[in-house]
Amino acid sequence: MAQVVATRSIQTSLLCPNSRSPQLNPSTLASRVFFPRENNTTTSASRIVAMRSARAEPELIPVSPEDVPKRVEQFEHVDVQELLDNPVGSMWSKPIVRRKTKIVCTIGPSTNTREMIWKLAEAGMNVARMNMSHGDHASHQRVIDLVKEYNAQSKDNVIAIMLDTKGPEVRSGDLPQPIMLTSGQEFTFTIRRGVGSADCVSVNYDDFVNDVEENDMLLVDGGMMSLMVKSKTEDSVKCVVVDGGELKSRRHLNVRGKSATLPSITEKDWDDIKFGVDNKVDFYAVSFVKDAQVVHELKNYLQSCGADIHVIVKIESADSIPNLHSIITASDGAMVARGDLGAELPIEEVPLLQEEIIRICRSMGKAVIVATNMLESMIVHPTPTRAEVSDIAIAVREGADAVMLSGETAHGKFPLKAVKVMHTVALRTEATISGGEMPANLGQAFKNHMSEMFAYHATMMSNTLGTSIVVFTRTGFMATLLSHYRPSGTIFAFTNEKTIQQRLAVYQGVCPIYMQFSEDAEETFSNALALLRKQGMVKEGEEVALLQSGRQPIWRFQSTHNIQVRKA
Ligand SMILES: Nc1ncnc2c1ncn2[C@@H]1O[C@H](COP(=O)(O)OP(=O)(O)OP(=O)(O)O)[C@@H](O)[C@H]1O
Ligand SMILES: CC(=O)C(=O)O
């Protein structure tokens with residue numbers, strides 16, 4: 001499967017404070033982790049390659065079809081010392097390390113074909129996002145059908161579908177051609193329709209004039225250009241250009257520090273939400289949520305149509321910040337939508353808010369996605385900037401469930417490379433996050449609840465033994481609970497509901513697997529272990545922690561709650 005590229009020894013040897021490599025200083029890191037690419041003498045690295053080829057082939061699964069011949073490169077992160085020290089064979093009985101942090105890809109003109117959806121999925125996409133600000137229902141329908149087709153034929157991978165609402169975006173109107181704006185010149189925005197000249201353009205929002213005041217800063221495209229408000233008339237706002245540039249048609253407009261007084265869910269959004277219900281998407285990403293009320297409204301609507309779709313709130317509006325707790329409490333997860341967030345609020349607040357939103361979501365056991373500009377330069381360049389790589393690493397370290405690509409995969413030149421970079425950086429960063437210890441103190445808050453207690457102890461057990469966890473879940477609840485304790489091993493979540501399998505794709509560390517449950521618990525357990533062995537997800541003889549619990553126990557009579565250690 002796509003995420004699998006290395007073996008567990010990376011995690012244990014690189015990061016365990018008590019292992020043979022106590023400190024990650026640059027010299028030990030270089031010598032212990034990376035193979036020299038060119039060496040014609042017999043170094044440790046070349047001996048390892050020789051040792052490896054003499055053994056049974058390890059479970060290294062290609063990241064993409066293009067990677068198949070490059071097997072040695074995939075070993076770049078194998079711990080050389082551990083290979084040398086361990087007797088032949090022992091290393092390969094440890095669990096395989098999979099990427100835990102999930103990748104959301106926005107699908108657009110660069111990726112909306114069958115071939116590209118398949119390639120993205122094989123490269124590591126976990127969630128396909130459709131931005132309803134662009135395209136039409138027919139084009140989004142094709143993408144949904146392709147993702148469903150991929151899921152139906154894939155044995156060991158599943159892609160969730162996320163519909164991102166347009167929301168109350170304020171945009172400038174159409175222009176016959178782009179206009180150059182220079183610092184110091186005057187420029188006017190008007191609520192009159194159809195205006196597009198060298199010194200004035202329409203705005204798609206009738207209350208624009210009421211919402212802005214003298215000396216407000218208007219940002220175009222999140223700050224690519226800025227204009228200061230000088231005066232207003234009944235239907236127009238006169239500005240002076242501060243930072244100039246080229247103004248194109250239908251550009252995003254934000255007022256620094258202010259949110260538009262528009263409903264979070266517009267008429268178009270309701271139409272798109274209905275489209276999502278008809279197509280049974282897995283998630284809505286709801287734009288410009290300002291309070292919990294709108295989340296309740298959407299959830300009530302979904303309940304009234306019997307739709308089981310989870311709601312991810314996009315935190316991007318200045319007004320949402322004082323209500324963060326109540327908004328996230330009402331939702332199933334949050335997205336740190338850094339584009340608009342950094343336009344409505346001072347840009348230096350973005351990293352602090354990112355950390356805070358991740359912290360709140362983690363404390364509440366909700367999914368959290370970090371979005372926008374993660375590999376922006378890869379829209380046009382084949383390699384990322386170092387700052388972008390660090391940005392991904394920070395989101396992974398902060399504990400995001402998922403990181404998101406926008407223009408990089410929607411209209412970029414290198415969508416597959418962008419996913420591979422994200423995959424590699426996330427995997428490498430995860431290897432530096434120490435595992436094998438007590439799970440975070442989430443358990444204390446829930447210690448009187450049976451499910452939480454079981455998830456906590458299953459995590460403890462698997463961390464102590466260095467195993468993966470196998471969990472059986474009908475509703476997804478136990479798998480998400482385990483995810484939030486962040487065990488070091490993979491959470492193999494077996495479910496007999498396709499919708500649950502798809503939804504679990506966004507959660508950190510969860511590998512969701514669809515399987516029919518038998519009436520007999522024992523038979524189901526052994527079917528699950530056989531399937532894991534057959535797919536190469538665990539090795540013959542590998543130990544796993546097995547958990548069956550939850551609010552709706554599956555086998556009430558035989559095994560309501562249980563944790564076991566089994567050999568696959
Ligand atoms: N379904 C689509 N059809 C056509 N183009 C798309 C589609 N989805 C995304 N894009 C293109 O990819 C770009 C980046 O996608 P993203 O989801 O970040 O859009 P955005 O945040 O609305 O950005 P913008 O402000 O440029 O609209 C969009 O600006 C658009 O040019
Ligand atoms: C993702 C998005 O909408 C933003 O960053 O503004």
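**Ligand 2.** I started with the surroundings of ligand 2 in this predicted model. I found Lys314, Glu316, Ala337, Arg338, Gly339, Asp340, Ala371 and Thr372 around ligand 2. Then I asked which helix gives the most to this shell. It is helix α12, residues 338-344, with 3 residues. Next I sorted the shell by class. I got 4 charged, 2 polar and 2 nonpolar residues.

**Ligand 1.** I turned to the other ligand. How many residues surround ligand 1? I noted 14. The closest are Gly108, His134, Gly135, Ser406 and Ala410. I sorted this shell too. Here 12 residues are polar and 2 are nonpolar. No charged residue is in the shell around ligand 1.

**Helices α18 and α19.** I wanted to see how two helices meet. A general point came first: two packed helices are described by the angle between their axes and the distance between the axes. I looked up both values for α18, residues 450-465, and α19, residues 477-485. Their axes come within 9 Å. They cross at roughly 50°. Is that parallel or oblique? Because angles from 35 to 65 degrees are neither roughly parallel nor roughly perpendicular, I wrote down that α18 is oblique to α19. I also noted the hand of the crossing of α18 and α19, which is right-handed.

Which residues make the contact? From α18 I listed Ser451, Glu452, Ala455, Tyr456, Ala458 and Thr459. From α19 I listed Met478, Leu481, Leu482 and Tyr485. By class, the contact of α18 with α19 has 7 nonpolar residues, 2 polar and 1 charged.

**Positive phi.** Last, I checked the backbone. Most residues other than glycine have a negative phi. I looked up two residues that have a positive one.

Asp221 is not a glycine, yet its phi is positive, about 50°. Where is Asp221 found? I placed Asp221 in the loop between β9 (217-220) and β10 (225-232). I then counted its neighbours. Asp221 has 17 other C-beta atoms within 10 Å. A buried residue needs 20 or more, and an exposed one has 12 or fewer, so I entered Asp221 as partly exposed.

Lys280 also has a positive phi, near 50°, and is a residue other than glycine. I found Lys280 in the loop between α9 (267-278) and β14 (283-286). Is Lys280 buried or partly exposed? Lys280 has 15 other C-beta atoms within 10 Å, so I entered Lys280 as partly exposed.

Methods:
Residues numbered from 1 in each chain as written. Chains lettered and ligands numbered in written order. Predicted model: local features only at pLDDT ≥ 70, side-chain atom pairs only at ≥ 80, totals over all residues. Near = placed C-beta within 6 Å. Helix = DSSP H or I, 4+ residues; strand = E, 2+ residues; numbered from the N terminus. Nonpolar A, V, L, I, M, F, W, Y, C, P; charged D, E, K, R; others polar. Axes fitted to C-alpha atoms, helices over the stretch in contact; angles between N-to-C directions. Parallel < 35°, antiparallel > 145°, perpendicular 65-115°, else oblique. Left-handed = near helix turned anticlockwise from the far one by under 90°. Contact = placed C-beta atoms within 7 Å.
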